[in-house]
Amino acid sequence: MREMELHSQDNLSLASTETPPPLYLPPHHPSHHHYGMQRIVDPLARGRAFRMVEEVDGFSVPQTPITPGTASLCSFSSSRSALNRLPRRRKRESVAVMSLKAAAALMKGRTLGDSTAGRCRRRSFMPPSFFEDDTVDFPDDLDTSFFTRDGLQDELSSYADEVFETPSEAALKQLDESELTGSALDKNELERSHLMLPLERGWRKAKDGSLVQPKVRLKQEVVSVNQQRGQKIVVPVKKLFAKEKRPYGLGMVGRLTNRTYRKRIDSYVKRQIEDMDDHRPFFTYWITFVHLVITILAVAIYGIAPVGFSQHETVDSVLRNKGVYENVKFVQQQNFWVGPSSEALIHLGAKFSPCMRQDQEIHKLIQEKRARERESGCCVRNDRSGCLQTLQEECSSTLAVWVKWPQHHSAPHLNGTLRQYGSVCHQDPRICLEPASVSPHEWPDDITKWPVCTRYNSGNHTNLPHIDCTITGRPCCIGTKGRCEITSREYCDFMRGYFHEEATLCSQVACMDDVCGLLPFLNPEIPDQFSRLWLSLFLHAGILHCLVSVLFQMTVLRDIEKLAGWLRVSIIYMLSGVTGNLASSIFLPYRAEVGPAGSQFGILACLFVELFQSWQILERPWRAFAKLLAISVFFFSFGLLPWIDNFAHICGFVSGFFLSFAFLPYISFGRSDMYRKRVQICIFLLVFLGLLSALAVLFYVYPVKCEWCEYLTCIPITDKFCEKYDLNAHLL
């Protein structure tokens with residue numbers, strides 16, 4: 001065939017009236033089984049097979065073949081040529097139209113190259129003529145399906161065309177099947193293993209007889225063998241924002257662990273998987289955006305604490321109560337998450353039990369402090385350098401005078417008797433105008449119940465030593481446990497406390513209100529900020545902590561939300577986080593905890609529930625369970641580090657497990673299985689409500705104290721590796 005002399009090829013024109021006879025292939029040619037007829041080959045093709053015109057949207061439409069070097073095999077009057085009318089020109093698109101199409105493609109989550117991939121695959125080799133590039137090929141009215149290309153390349157190729165030659169039909173067909181199924185398996189093997197749904201074999205009929213397009217096909221995910229340079233980074237990013245439907249029982253974790261379906265799946269189950277809705281992860285995007293914004297603002301406003309795993313000590317000389325400089329030490333727990341200190345996190349809304357309820361131990365210590373303050377008096381120095389509210393043993397008997405009622409001659413009367421408690425530096429019921437101590441609203445004898453005086457008598461000298469002196473110390477709230485000291489402003493600022501310029505006694509200030517921040521307590525004696533149970537879910541201990549949460553949410557949470565929807569996922573996320581924080585508040589009450597740790601482990605429990613619900617359709621489910629269990633144990637091991645709460649992890653996982661059975665979509669394997677799962681939803685909802693109620697009772701009604709619980713959340717590798725949660729260690 002290659003020795004054929006084609007004299008008319010060199011001087012071919014459109015005016016030619018003779019057309020070389022077509023070449024018929026022998027009957028035993030392997031391509032005959034496709035269409036059941038002989039294949040026609042154009043001898044003017046210079047050894048190349050006929051090329052079909054561009055395909056639209058991937059569907060092959062029989063077209064009249066275009067041969068290089070000529071307009072058609074037949075004359076313009078031939079009905080088979082489909083060129084008996086002038087070609088219609090395609091209007092070129094303007095820049096504005098192309099910009100709108102590009103914007104629409106980006107909004108849909110794909111590029112313009114995806115929609116035109118089918119067109120770019122097959123090219124026409126027609127030389128420039130009056131048709132040029134913008135001609136439109138019209139489909140022939142007659143059946144031209146016998147024009148094919150299979151098997152002709154090897155026989156008819158006479159010129160090497162390694163650059164512009166399009167791939168063979170077999171290669172294109174294999175490429176199409178690999179893109180549709182995502183698997184290295186061929187189509188026949190997939191058909192035998194029943195891994196593709198009816199969309200691969202045709203259209204599914206509805207009950208009324210109409211054709212219904214299935215929603216999705218089950219896919220076998222596999223990594224491409226021959227990836228171009230850079231595709232290892234581009235492909236995962238494209239898959240992260242792809243709009244493809246999430247297959248039930250597989251998902252992202254299923255792809256990572258090579259999870260597959262069974263070879264045979266019942267058609268009833270397949271139909272349920274097809275009919276599942278596809279969702280956009282709106283909640284994931286919203287919660288991630290909120291986490292990033294709040295973390296940036298917290299770091300910008302409160303700064304970054306010392307980074308590390310131990311305690312940071314600062315020593316300096318500070319002016320204290322005695323009027324001399326003393327070396328004092330400030331101890332602060334380091335934060336390896338690169339973020340604010342624990343005091344700042346509590347002020348922002350971290351989970352902290354003393355701010356959510358009246359802690360009995362802190363309340364007891366405050367009462368002991370008030371009992372000592374009731375016996376205090378004003379220590380006035382002899383050199384008139386100042387005065388300070390102290391106990392008698394703290395006041396020097398040689399350098400100062402301790403003014404104590406009723407022993408001192410300045411003691412006032414109350415109801416005809418001398419007052420038994422006092423005096424108080426710079427406060428006396430006889431000189432205070434607002435609030436005035438007049439009948440029937442006289443100040444009580446107990447100085448711990450005196451109000452803060454806002455306006456004094458304007459007299460310069462009262463002849464009262466505790467009033468005419470210069471006060472050198474006022475109440476300062478130090479630490480996170482409500483500790484109050486009457487000290488100087490310099491010392492209070494060094495210890496990063498809250499200095500009260502307006503008060504004279506510690507009983508006049510509410511240190512826990514200062515420590516907790518947010519909204520003031522309704523009753524200053526009883527903390528009531530229970531909203532910290534869910535407010536702490538939006539906070540993070542630092543930049544690294546926030547990045548870990550964003551990574552988890554953009555992978556696992558986003559994958560689950562595409563299956564269940566934003567409403568179901570948001571319920572599981574929030575309730576799991578609240579339950580985990582509530583359990584952490586019970587067993588670790590004096591630790592400031594932030595972050596959605598309980599919520600994230602509740603989402604992790606969703607993966608187990610999905611695995612159990614799809615157990616019967618998965619290939620080797622025990623193997624998938626072992627892999628998922630190993631991943632979970634790895635995550636739980638991080639809870640043994642400081643600043644990470646394992647109690648929130650455990651209770652968040654348990655509550656998320658119960659909620660997932662109630663809210664996640666499921667597939668049934670029969671009528672009895674469907675009724676069983678409906679009853680299962682009610683049971684697990686009741687179990688979760690019982691768990692939440694029991695934790696609330698343990699937190700508010702019957703508080704418990706666990707001495708060994710801190711070892712479940714942090715292993716003390718060194719003496720200062722784990723933060724000490726003992727209350728007395730901070731207050732004494």
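**Entry 1: a pair of strands**

I began with strand E5 (residues 311-319) and strand E6 (residues 325-333), which run antiparallel and are joined by 9 bridges. I note here that I am working from a predicted model. Looking for one facing pair across these two strands, I found Glu313 opposite Val331 in E6. I then followed the chain through the hairpin of E5 and E6, where 5 residues lie between the strands and Gly323 takes a positive phi near 85°. I also looked up Arg320, which lies over the face of Tyr491, at 4.1 Å from the ring centre.

**Entry 2: the whole protein**

Stepping back, I counted secondary structure and recorded 24 helices and 16 strands in the protein. The protein has 732 residues, and 44% of them count as buried. For the surface I wrote down about 40,100 Å² exposed, with carbon and sulfur atoms supplying 59% of it. I also checked how contacts span the sequence: among those between residues at least 6 apart, 71% join residues at least 24 apart.

**Entry 3: aromatic pairs**

Next I searched the whole structure for aromatic pairs, and the search gave 24. I looked at Trp286 and Phe538, whose pair is edge-to-face, with 6.3 Å from centre to centre and 80° between the planes. Which parts of the chain does this pair link? I found Trp286 in helix H11 (residues 282-302) and Phe538 in the loop between helix H17 (532-535) and helix H18 (543-564), so that the pair links distant parts of the chain, 252 residues apart. I then asked whether each partner is buried or exposed. Trp286 is partly exposed, with a relative accessible area of 44%, whereas Phe538 counts as buried because its relative accessibility is 15% and the cut-off for buried is under 20%.

I turned to Phe587 and Phe647, which form a stacked pair, 5.0 Å centre to centre and with 15° between the planes. Because Phe587 lies in helix H19 (residues 566-587) and Phe647 in helix H22 (residues 646-663), this pair ties together parts that are 60 residues apart in sequence. Phe587, at 25% relative accessibility, counts as partly exposed, while Phe647, at 8%, counts as buried.

**Entry 4: a cluster of rings**

Finally I traced ring pairs that link up into a cluster, whose members include Phe601, Phe608, Phe612, Trp615 and Trp622. I also listed Phe625, Phe636, Phe653, Phe657, Phe658, Phe661 and Phe684 among the rings of this cluster.

Notes: Residues are numbered from 1 along each chain as its sequence is written. This is a predicted model: local features need pLDDT of at least 70, side-chain atom pairs count only at pLDDT 80 or more; totals for chains, interfaces and linings use all residues. Side-chain values use heavy atoms; hydrogens and water are left out. Helices (H or I, at least four residues) and strands (E, at least two) are DSSP runs, numbered from the N terminus. Buried means under 20% relative accessible area, exposed over 50%, partly exposed in between (1.4 Å probe, protein chains only). Contact means heavy atoms within 4.5 Å. Accessible areas come from the Shrake-Rupley method with a 1.4 Å probe; for residues, only the protein chains shown count as cover. Two strands pair if DSSP finds at least two bridges between them. Rings of Phe, Tyr and Trp (its six-membered ring) pair if their centres lie within 6.5 Å; planes under 30 degrees apart count as stacked, over 60 as edge-to-face and the rest as tilted. A charge sits over a ring if NZ of Lys or CZ of Arg is within 6 Å of the ring centre and within 35 degrees of the ring normal.
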